[in-house]
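Dear colleague,

Please find below the structure that I am handing over to you. A description of what was found in it follows.

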Amino acid sequence: MRSRIPLRFLGLFVCLGALVLSLPAATFDKENVQVHQLANGLKVLLVEDHGIPNIALYTFFRVGSRNERPGLTGVSHFIEHMMFNGTADFGPGEFDRRMEFLGGSNNAYTGDDLTAYTDWFPAAALDTMLRMESDRMQGLIFEPKVFESERGVIASERRLSVENNNDAILYENVRATAIMAHPYHWDVIGWMSDILGWRRDEVIAYYHTYYSPNNAVLIMVGDFDPAPALSLIRKYYEPVKASPAPPPIVTVEPPQIGPKSVLVRKEAQVPSFLVAWHEPGAREADFLPLAVLTKPLLDGESSRLYRRLVREEQLAISVRGGNQETIDPFLFTISVKPRPGADLDRIEKVIEEELDKVKSEGITQRELEKALNITRTDFYQSLETIAGKANQLGSAEVILGDHTKLFTLMDSYSAVTLDSVREVARKIFQENNKTTGRLVPEGGAR
Amino acid sequence: MKRFAATALVLALAAALAAPSLLSGAEPLPAPEKIVLKNGITVYFLSDRSVPLVSFRMLVRGAGSAFDPAGLEGTAGLAASLVTKGTAKMSADEIAEALDFMGASLSVSAADEFAHVGGRSLAEFFPRLMAIAADCLSGPAFSEDEFAKERSKRIDSLKAAKDNPGIAVRYYFQKAYFGGHPFGNLAMGTEASLEKMTAASVKNFYAGRFRPDLAVAAVVGGITKEELTPLLEATLGSWANPAGGPQPDTVPPLPVPKGRDLLLVDKPDATQAYFVIGSPGYPMGAPITPDAAVMNTLWGGRFTSWFNTELRIKRGLTYGARSSFESWAAGGVFTATSYTKNDKIGEMLDITFDLLDKAAKKGFTAEEVESARNYILGQFPPTLETNASKAAAYARLAFYKLGFDYYGRYLADIEKVTLEGVDKAAARLMPEKNFVLVVVGKASDVMPQLKKFGTWKERKITAPGF
């Protein structure tokens, strides 16, 4: 997930990304969500919530790096940046200037499957915000000078977050090694040569293919009266024309038929270690048991891998990872920050031993309960804010295919059995399905 | 890192305060109830059942890294991290398992002026969470084994931080700006100071400094006062005060940079250069706060700020450029930070100095001031939306004795901020001649561009310490 503004710069705690599959709070259920669809295909979800005098307006487009192709990698994220850089009605930077003048702020993020525009503003700014959001859905002008300047911003972002970050370099190498054919092969940021080479006409064509009301969902949560709010939405969005449905993703990643490994040598004080297995997509039945397994395996200091690698054998500073909620099958990862000089073979062996235990004995009933408690807690936390509610609804709509799944998933989640967890572990954690990545300090381990 | 994590919180609360006009006169932070426990801890409480979660915050005065024993920086941070690593009743693994099982969190860390305890759980598990918290606070074991593990983890984490120049530049800046002042103590410690520590020295710090009578706490969430009061007495209330009186907890005045204090840290593999510039700010709650907040919003505190506009929006030199004020009881600091390709750092610093000079000499426009006022006011409500953010606000306001109506007063003050006030704040606060500037980058590419700014101290990123 890449965001337009570095998150640590925002004075807000924004819930990005992780879609939590769990019980809805009593105060937030299916009946609280008004669902509308305009004639041009735009889906609208409205949730009235007067907790604070603000509104969270989230627009999700069904486009991400999954829709890209070689030469245009990273372009979904680039368009996310360009969305703030000018239309015929609102020149470059005008969106931000007007929004901030009215007390609003925003960010945006691009993932493998989706691009989301997240606006937070006082209720009085609603009219202007809807006007500007609808205007930029198809009205970007891609002014050439601004295009080049923003290209530089993205290049800087790539240098910051990938090239100057050893864990990120290793991650990029591992995903590109594990995934051969599917567009998940490349990271959301894109390859540097593509970033430096995007052609304006190709970028514009990509924008017009994916930015249309029939490829978007608008979610509004906060301090508004739904009837007049819907009228405003109709006023601004009904004139936006529907486009032909974007082309489907036809590439299916072929099964991996042998273990892979990748070695990165780079100046570093500390090595990095990452291992990945192909996993099912978020809409598949095996996804939930795998999500359950992640908790006892990787979540918290009591998790099996933290205990072995960090506490008992002191091979690592940290260990994290798990499954990713994506439309198509992606990667289950375990990322280890080794101690300087730690034996990477030993780290890999410990991970294998722990996975073998799960494959033979499964997890315990108490670990299953723990997974459900963690999930429930995370879910309620995400519902503490209007922004969190908007994000959950949008993610469920785009990634799971239906926002109402948010309100029924806990039933499926609670139905996960100890047997199904063991079965999914046996299916996923196979040697032929595995890719191992190591980043070692230049000149070898030290 | 702690210092800058805390900065984000201060910013969220101080730089983003809402409009009374937008709030229709409602008090932005509801007045809490007050519960005083028998051991002296004051707990502020608000019942909020919108989600079945409860958040807990506590600040312990005098237990932050500013009070690390001489030569043993990082003691407060290490002591805090060991609080949850075993007691007479429970081992570290048992504590971790009990917390994880509930999906609960319990963290203890050292900020500068205080230690911070934070907890959160589902309402049904809150009694168990508080029982564990009280057990940990009452008698951490500080076993040799856990001490050794945590210490060596920290030594390795410091090495890992040097692989990330964006993180490393902040450590170097903290050291360069504060020098031997207590705020120069890194909560993580240094390799040298960590080597000198013993389990006994850490335990000794905890015993003298973690005191109920210096703690202020807050609880917000799905629980009633009738349920909470006996629960707190039975848990936190049983944490006994040490026999002796409190140790000194005053912080000397913050250092004031004289002239240009320039440091370049050579990281030969860096593809970008990172900088932080800093100069004196103002103490927590100072009258200049509203004017300074508006001024900072305009200069470097939001996306369309001058700083971000010139460096990112107009020139595409960087992904982000931001400035902020951080305040403590004893004073404050202004910092501005960004990063760019190694060959552009000279241009980036030229622009930065031009913008600082323009703010101090020419100032802003009335329209800009109106925009920044609206922005601060409009972005305030989400900063107090969650149980945890309300609890943090109660604890912080109580700690600094600002009063629970602080935000309401602050909002009113923001609405009254004038162009004149903002220009005066800029003239007083923007660094011109006296500042600390730290750059982390590839020296062979960067140094030729930096020479014109003055005489630089140089060090290698591989050299021990910061």
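Two strands count as paired if DSSP finds at least two bridges between them. Please keep in mind throughout that this is a predicted model.

With that meaning of pairing, chain A contains an open sheet of five strands, in the order β8-β12-β9-β11-β10, with mixed pairing. The edges are taken by β8 (260-266) and β10 (316-322) of chain A; each has a single partner strand, so one side of each has no neighbour in the sheet. Direction ignored, neighbouring strands of this sheet are turned by 10° against each other on average.

At one of these edges, β10(A) is joined by six bridges to strand β11 (residues 331-338) of chain A, and the two run antiparallel. Within that pair, A:V319 has A:V336 in β11(A) as its bridge partner. Helix α10 (residues 304-312) of chain A lies across β10 and β11 of chain A, and runs at about 160° to β10(A).

Elsewhere in chain A, strand β7 (residues 216-222) is mostly covered, with seven of its seven residues buried. In a regular strand the side chains alternate between the two faces of the sheet. In β7(A), A:A216, A:L218, A:M220 and A:G222 point one way, while A:V217, A:I219 and A:V221 point the other way, and all are buried.

Two strands pair with β7(A) as follows. Strand β3 (residues 43-48) of chain A runs parallel to β7(A) and is joined to it by six bridges. Strand β4 (residues 54-61) of chain A pairs with β7(A) in the antiparallel sense, over seven bridges. The residue A:V217 in β7(A) is the bridge partner of A:K43, and A:F60 also stands opposite A:V217.

Turning to chain B, I would draw your attention to a pair of helices. The axes of helix α11 (residues 289-301) and helix α12 (residues 306-314) of chain B come within 5 Å and cross at roughly 5°. Because of that angle, α11(B) is roughly parallel to α12(B). The residues that meet are B:L298, B:W299 and B:G300 in α11(B) and B:W306, B:F307 and B:N308 in α12(B). By class, the residues of this contact comprise four nonpolar, two polar and no charged.

In the same chain, B:G278 has its place in strand β8 (residues 272-280) of chain B. B:G278 is buried, because 24 other C-beta atoms lie within 10 Å, and the cut-off for a buried residue is 20 or more. Neighbours within four places in sequence aside, B:G278 is in contact with B:F173, B:Y177, B:V333, B:F334, B:T335, B:F435 and B:V436. The C-alpha atoms of B:G278 and B:Q174 are separated by 9.6 Å, although the two residues are 104 residues apart along the chain.

The largest nonpolar core has 273 residues, and B:Y172 and B:V438 have the most contacts inside it. Again leaving aside neighbours within four places in sequence, B:Y172 is in contact with B:L263, B:V265, B:V438, B:V440 and B:F466.

Finally, the contact between the chains takes 64 residues from chain A and 64 residues from chain B. On the side of chain A that touches chain B, the elements giving two or more residues are α2 (94-101), β6 (115-122), α4 (144-163) and α12 (365-382) of chain A. Of these, α4(A) gives the most, with ten residues. This side of chain A has 23 nonpolar, 22 polar and 19 charged residues.

With kind regards

How values were computed:
Residues numbered from 1 in each chain as written. Chains lettered and ligands numbered in written order. Predicted model: local features only at pLDDT ≥ 70, side-chain atom pairs only at ≥ 80, totals over all residues. Axes fitted to C-alpha atoms, helices over the stretch in contact; angles between N-to-C directions. Helix = DSSP H or I, 4+ residues; strand = E, 2+ residues; numbered from the N terminus. Parallel < 35°, antiparallel > 145°, perpendicular 65-115°, else oblique. Contact = placed C-beta atoms within 7 Å. Nonpolar A, V, L, I, M, F, W, Y, C, P; charged D, E, K, R; others polar. Core = buried A, V, L, I, M, F, W, Y, C linked by C-beta atoms within 7 Å. Buried ≥ 20, exposed ≤ 12 C-beta atoms within 10 Å, placed from the backbone.
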